[in-house]
There are 2 protein chains.
Amino acid sequence: MPPRKATATKKRAPAKKAPARRRPVRRRPTTVVGVDLGGTKVQAVAVHGDEVTASARRSTPAGGPEAVVAAVAEVIGELGDPKAVAAVGVGAPGAIEAGTGVVQRAPNLEGFDHAVPFGALLSEALGGVSVAVDNDVNVAALAEHCLGAGVGSDDLLAVFVGTGVGGGLVLGGEVRRGPAGVAGEIGHVIVKDGGRRCGCGGRGHLEAYAGRAGMERTARKRAKDGAKTKLVKLAGAGRMKSSVFAEALHDGDELAQELVDEAAQALGAALASAVALVDLDRVVLGGGLGDRLGQHFIDAVQKATHERLFVPDAPFTIVPAALGDLAGARGAALLARER
Amino acid sequence: MPPRKATATKKRAPAKKAPARRRPVRRRPTTVVGVDLGGTKVQAVAVHGDEVTASARRSTPAGGPEAVVAAVAEVIGELGDPKAVAAVGVGAPGAIEAGTGVVQRAPNLEGFDHAVPFGALLSEALGGVSVAVDNDVNVAALAEHCLGAGVGSDDLLAVFVGTGVGGGLVLGGEVRRGPAGVAGEIGHVIVKDGGRRCGCGGRGHLEAYAGRAGMERTARKRAKDGAKTKLVKLAGAGRMKSSVFAEALHDGDELAQELVDEAAQALGAALASAVALVDLDRVVLGGGLGDRLGQHFIDAVQKATHERLFVPDAPFTIVPAALGDLAGARGAALLARER
């Protein structure tokens, strides 16, 4: 909890006649900060009411939890007067223990291969400000639900198609966390049992077909086996970015088209399964690859899903995410306010 | 709402000295009735407190909604004094409009191919008693959650493997219905995109592999194509019942074993997907085929699911359903009490 100012919580005394002058009232801080802690960057926003009043970003440091805590505190410091901050929310990658601020495991952050009481450490570094922590995809889903493309739906899945495929599930207006805190993992829903190997070791998961990394693995294998494609050349020595797929697609590259079609079909299967199981009226589709491939891709996913819906006349739409890169930080700010 | 007796809701007056005699208090009825309305039978129970005090059953009549309403009212009459009934709950097959008692479509009931205000019709036939209606599988899941194998878990999926594969989802202690009222359809989750044809017309659904009807279709096709099996002979002219699969399995029939293995693998894939998406700590497995194949089958499904779990160390178990044939009627009674 933020430190309460006594003057702000006292009941008002009955108005006296013609007070010569009012004492200045020290207001309780009303700005909240949201932090999106990623494997490569830390993005922070200060939010006052519904407005983002400041934004700052830096690279995520190597060196373990202490270095990361210091970097996050530093970025928050760049947003303005720390005394004006009522609460901080953080979206972090990996498994988060519900309500405790403990990051149990975050493979994308150096030194987070064991449980780290990140919320407590950051709160200490900030002089005692309340810190709430949740999974990065969950807070991004919360932001799309409350402020973005999910406004108006209380039962939606936000799907972020990037290197992997992440998801955040909103049911009855609340982000679903689940008893183990791992709900929403649409990327690891099976679309073809026994099928393509996923980065997690499983088989036939959505992420193996629709995640950038899975698509890159398939593209490199197919190219090695003799498929004619620009993808490998365009990627060069580096990783096969979303922009590479978009460019090859634009140039009529057949393998790129095939892989993107497979991604849309796999998304259609996973989303139709999700709708059958939990009954959703909307899917918000975003993430690096989703954003880069644009409306054509959204349309292809929408078609693939509709072809597979068990109740085809139930109201259901797929819409592009609205908040882009700031979804995580803005959702983290909502989390801070929620707690 | 049941008619309230004024004497039961008035606040007590302060005790007077030595009242010669108390007036007899007319009690509000406290018995609720649960009805499981199936395609072939109507099963009703009277419940007082936690006890089933009476049970009755008859065949579901042909002849459309009026005949069905009359039959249900008749079965309820067999349970005892209708004046003692405070409320009635009904589990009906098909799509039910949330909270209204309207059966929108129930392909297994003659004359229910359009919306039928079943709750209102039954209430009228019973002289105005409150009637609540929900999907039959949802109420069976509610019963297993509150009284059966689901006690102690607030996040579970009840799966009933019979002619088809039905499911009821309990999240945070509440049966999930969803915005279109069709949540829980685990039978139509895709386990192999583009795979075996399902009875609903879709492809690769769990029900195509693990439902009795789907297994029968495959068995007859395979036998026609030359596979050696007792299944067709055991079934004779009739349908290939669960007991036929159990008997063939017991006799070491290879095709029966193969089909049951496929069913377990498909269940493993669908359940692992469900756990990834919504995070569950328990699955309750029942239904005609599930019950008939017994613990061996449960063990096979448990193994197939665990091999596919995304977070394999999360607490998760599969247990046999506990309420058998009465799950639907008992759940309907709980529904009546809930409303």
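Two strands count as paired here if DSSP finds at least two bridges between them. Keep that in mind for the first exercise, and remember that this is a predicted model.

**Exercise 1. Lay out the open sheet of five strands in chain A: what is the order of its strands, and which strands stand at the edges?**

Step 1. Start with the order, which reads S3-S2-S1-S4-S7 in chain A, with mixed pairing.

Step 2. Now go to the ends. Strand S3 (51-59) and strand S7 (130-135) of chain A each have a single partner strand, so one side of each has no neighbour in the sheet.

Step 3. Check the twist: neighbouring strands of this sheet are turned by 20° against each other on average, ignoring direction.

Step 4. Zoom in on one pair. Strand S1 (residues 31-37) and strand S2 (residues 41-48) of chain A run antiparallel and are joined by seven bridges. Looking for a spot to click on? Val35(A) has Ala44(A) as its bridge partner in S2(A).

**Exercise 2. Find what packs on that sheet, then look into the core: which residues does Val33(A) touch?**

Step 1. Pick out helix H11 (residues 327-338) of chain A, which packs on the sheet and touches S1, S2, strand S4 (85-92) and S7 of chain A. The direction of H11 makes about 135° with that of S1(A).

Step 2. Turn to the largest nonpolar core, which has 213 residues. Among the residues that touch the most other members are Val33(A), Val35(A) and Val88(A), along with Val33(B), Val35(B) and Val88(B).

Step 3. List the contacts of Val33(A), leaving out residues up to four places away in sequence: Ala44(A), Ala46(A), Ile76(A), Leu79(A), Val85(A), Val88(A), Ala333(A) and Ala336(A).

**Exercise 3. Describe where the chains meet: how many residues of chain A are in contact with chain B, and which element gives the most?**

Step 1. Count both sides: 34 residues of chain A are in contact with 35 residues of chain B.

Step 2. Sort chain A's side by element. Strand S9 (165-171) and helix H9 (254-278) of chain A each supply at least two residues, and H9(A) gives the most, with eight.

Step 3. Sort that side by class, and you get 21 nonpolar, five polar and eight charged residues.

**Exercise 4. Work out how the two copies are related: what rotation superposes chain A on chain B?**

Step 1. The rotation is 180°, with 0.0 Å of shift along its axis and an RMSD of 0.1 Å.

Step 2. The two copies are therefore related as by a two-fold rotation axis.

Step 3. Look at the contact residues again: 100% of those in chain A recur in chain B, and the same surface serves both copies.

Step 4. To find the axis on screen, go to Lys192(A), whose C-alpha comes closest to it among the residues of chain A, at 2.0 Å.

How values were computed
Residues numbered from 1 in each chain as written. Chains lettered and ligands numbered in written order. Predicted model: local features only at pLDDT ≥ 70, side-chain atom pairs only at ≥ 80, totals over all residues. Contact = placed C-beta atoms within 7 Å. Helix = DSSP H or I, 4+ residues; strand = E, 2+ residues; numbered from the N terminus. Nonpolar A, V, L, I, M, F, W, Y, C, P; charged D, E, K, R; others polar. Least-squares fit on C-alpha atoms with pLDDT ≥ 70 in both. Core = buried A, V, L, I, M, F, W, Y, C linked by C-beta atoms within 7 Å. Buried ≥ 20, exposed ≤ 12 C-beta atoms within 10 Å, placed from the backbone. Axes fitted to C-alpha atoms, helices over the stretch in contact; angles between N-to-C directions.
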